[in-house]
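Work through the three exercises below with the model open. Try each task before you read its solution.

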Amino acid sequence: MARQAEQSADSMPQTDILVLGAGIVGTSVALHLARRGLTAVLVDRQGPGEGTSYGNAGIIEGHTVFPPAFPSNVGTLLQIALKRSTLADYHLSFLPQVAPWLMAFRASSRPERLVETAHVMRPLFGRAVAEHETLIAAAGAGRHLRKTGWLKLYRSDASFAALKPEFDLAATFGIALDPLDIDGALALEPSLQPVFRHAVFWPGAASVDNPLALTRAYAAHFGALGGGTVKGDARTLRRVGRRWRIDTADGPVEAEQAVVALGPWAPDVLEPLGVDLPLGIKRGYHRHFGAKGNAGLTRPVVEADIGYCLAPMQQGIRLTTSAEFAARDAPPTPGQLARVMPYASALFPLGEGVEATPWLGSRPCFPDSRPVIGRAPGQPGLWLTIGHAHWGLTLGPVTGRLIAEMIAGATPFTDPAPYRAERFLRT
Ligand SMILES: Cc1cc2nc3c(=O)[nH]c(=O)nc-3n(C[C@H](O)[C@H](O)[C@H](O)COP(=O)(O)OP(=O)(O)OC[C@H]3O[C@@H](n4cnc5c(N)ncnc54)[C@H](O)[C@@H]3O)c2cc1C
């Protein structure tokens with residue numbers, strides 16, 4: 001109640017735009033705003049890149065065609081239900097809460113919907129590597145970028161055969177791919193053991209060897225352009241007159257516009273404002289390992305039909321898992337990590353674990369596997385860049401460019417209509 005009585009004071013520190021959340025998405029948004037001459041204050045309760053953006057596999061997926069889909073195979077579903085699958089895990093107590101989201105995800109996984117999503121997402125994926133390269137060059141972070149593509153491996157003939165629609169659509173999009181036999185894959189990555197039967201090399205993907213360092217480099221460049229990064233709790237955001245105000249460690253700051261880029265924490269701010277969107281999460285784990293002898297990887301390698309990735313990072317070989325459906329703040333239950341370990345160790349000579357406990361993060365996911373980039377419904381001056389799911393690292397810079405063009409009133413490089421939040425609102 002006291003907040004409603006607040007008055008906008010002339011002495012209040014002001015900026016053009018508040019950006020809430022300094023993950024790869026919010027940091028890229030702030031940087032793009034600064035590059036257009038707008039003043040922005042980037043607010044986070046911790047340092048840039050220390051949330052979900054810390055722990056990903058570092059892949060910039062310029063080549064991605066289809067999003068992950070709800071399993072259509074009864075045997076796979078049964079394995080998941082029995083908690084024996086490496087592809088997905090869940091907390092039983094969370095199922096009633098996540099059921100509507102899973103049903104919507106299943107509906108979006110119909111073949112024709114996946115093709116529609118592939119078309120809707122292509123303008124973003126298609127520019128993802130180039131937009132990173134622009135920011136990486138400006139931020140002087142080139143040492144983190146590898147343009148060595150991505151290698152996907154398959155143990156099952158059926159999984160490989162099921163890729164035909166993806167290959168066909170990739171061809172119509174003009175995306176390069178190279179199906180390889182075992183020898184072809186081992187020529188690219190000689191430290192792998194031939195435990196797989198098929199491989200696909202996607203040369204259009206890039207990767208980074210330290211996602212945290214990359215976000216920090218973008219934040220430092222934002223600072224060099226005059227932007228301010230401050231500690232603060234985004235949940236203090238409120239409307240005061242025609243402005244948005246937030247409390248920070250440096251005191252309150254106001255702006256006419258604010259961008260919510262809080263990843264999986266976006267509902268903490270949006271729900272009290274009455275902006276109710278079906279943002280779910282897919283939790284994922286990682287742990288770093290050394291490599292035995294002289295073994296090494298020059299690019300991320302995924303065993304797609306097992307459901308894990310090995311990505312070479314500065315900290316070691318980062319083993320990441322696929323989706324766990326559990327409450328965002330529930331304690332970690334890294335059973336999937338244990339389940340994929342025998343497969344990963346058979347593929348690559350993993351050494352000792354680097355950390356004692358695995359890292360846990362929450363991919364912020366809408367059921368249609370598309371982000372929301374645009375205005376917050378019913379909240380003038382509030383913008384959303386949320387729900388980047390499996391591709392927040394990939395899409396951070398391209399999202400930053402798109403929203404900055406919209407905020408600045410410039411012509412967007414692509415039609416932003418498919419990414420509007422209104423697609424979830426009932427009419
Ligand atoms: C295991 C795993 C592997 C992945 N691999 C890849 C990959 O290879 N390639 C790819 O493109 N993507 C990948 N992803 C997805 C990617 O990491 C995410 O989509 C991305 O990090 C989301 O970025 P974000 O900026 O939206 O969110 P975040 O990085 O989570 O940023 C949100 C920020 O908001 C801050 N915040 C939260 N609450 C508050 C508050 N109340 N006040 C102030 N600040 C607050 C947090 O501290 C955080 O810094 C992976 C994810 C996981 C979990």
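**Exercise 1.** In this predicted model, find what phi Gly174 takes just after helix H6. Then find which H6 residues are buried and what they pack against.

*Solution.*
- Step 1. Gly174 takes a positive phi of about 75°.
- Step 2. Step back into H6, residues 164-173. Glu166, Phe167, Leu169 and Ala170 are buried there.
- Step 3. Recall the helix repeat: an α-helix has 3.6 residues a turn, so residues three or four places apart point the same way.
- Step 4. Look for the partners of the buried residues. They pack against helices H4 (111-139) and H5 (157-161), and against strands S7 (178-180) and S8 (198-202).

**Exercise 2.** Give the strand order of the open three-stranded sheet, and say which strands stand at its edges.

*Solution.*
- Step 1. The order is S3-S9-S5, and the pairing is antiparallel.
- Step 2. S3 (59-60) and S5 (145-146) each have a single partner strand, so they stand at the edges, with one side of each left without a neighbour in the sheet.
- Step 3. Check one pair. S5 is joined to S9 (residues 206-208) by two bridges. Leu145 stands opposite Val208 in S9.

**Exercise 3.** How many disulfides does the structure hold? Test Cys309.

*Solution.*
- Step 1. The count is zero.
- Step 2. From Cys309, the nearest cysteine sulfur is that of Cys365, 16 Å away. A disulfide needs the sulfur atoms within 2.5 Å, so Cys309 is in no disulfide.
- Step 3. Cys365 is in no disulfide either.
- Step 4. Are these cysteines buried or exposed? Cys309 is buried, at 5% relative accessible area. Cys365 is buried too, at 2%.

Methods
Residues are numbered from 1 along each chain as its sequence is written. This is a predicted model: local features need pLDDT of at least 70, side-chain atom pairs count only at pLDDT 80 or more; totals for chains, interfaces and linings use all residues. Side-chain values use heavy atoms; hydrogens and water are left out. Buried means under 20% relative accessible area, exposed over 50%, partly exposed in between (1.4 Å probe, protein chains only). Helices (H or I, at least four residues) and strands (E, at least two) are DSSP runs, numbered from the N terminus. Contact means heavy atoms within 4.5 Å. Two strands pair if DSSP finds at least two bridges between them.
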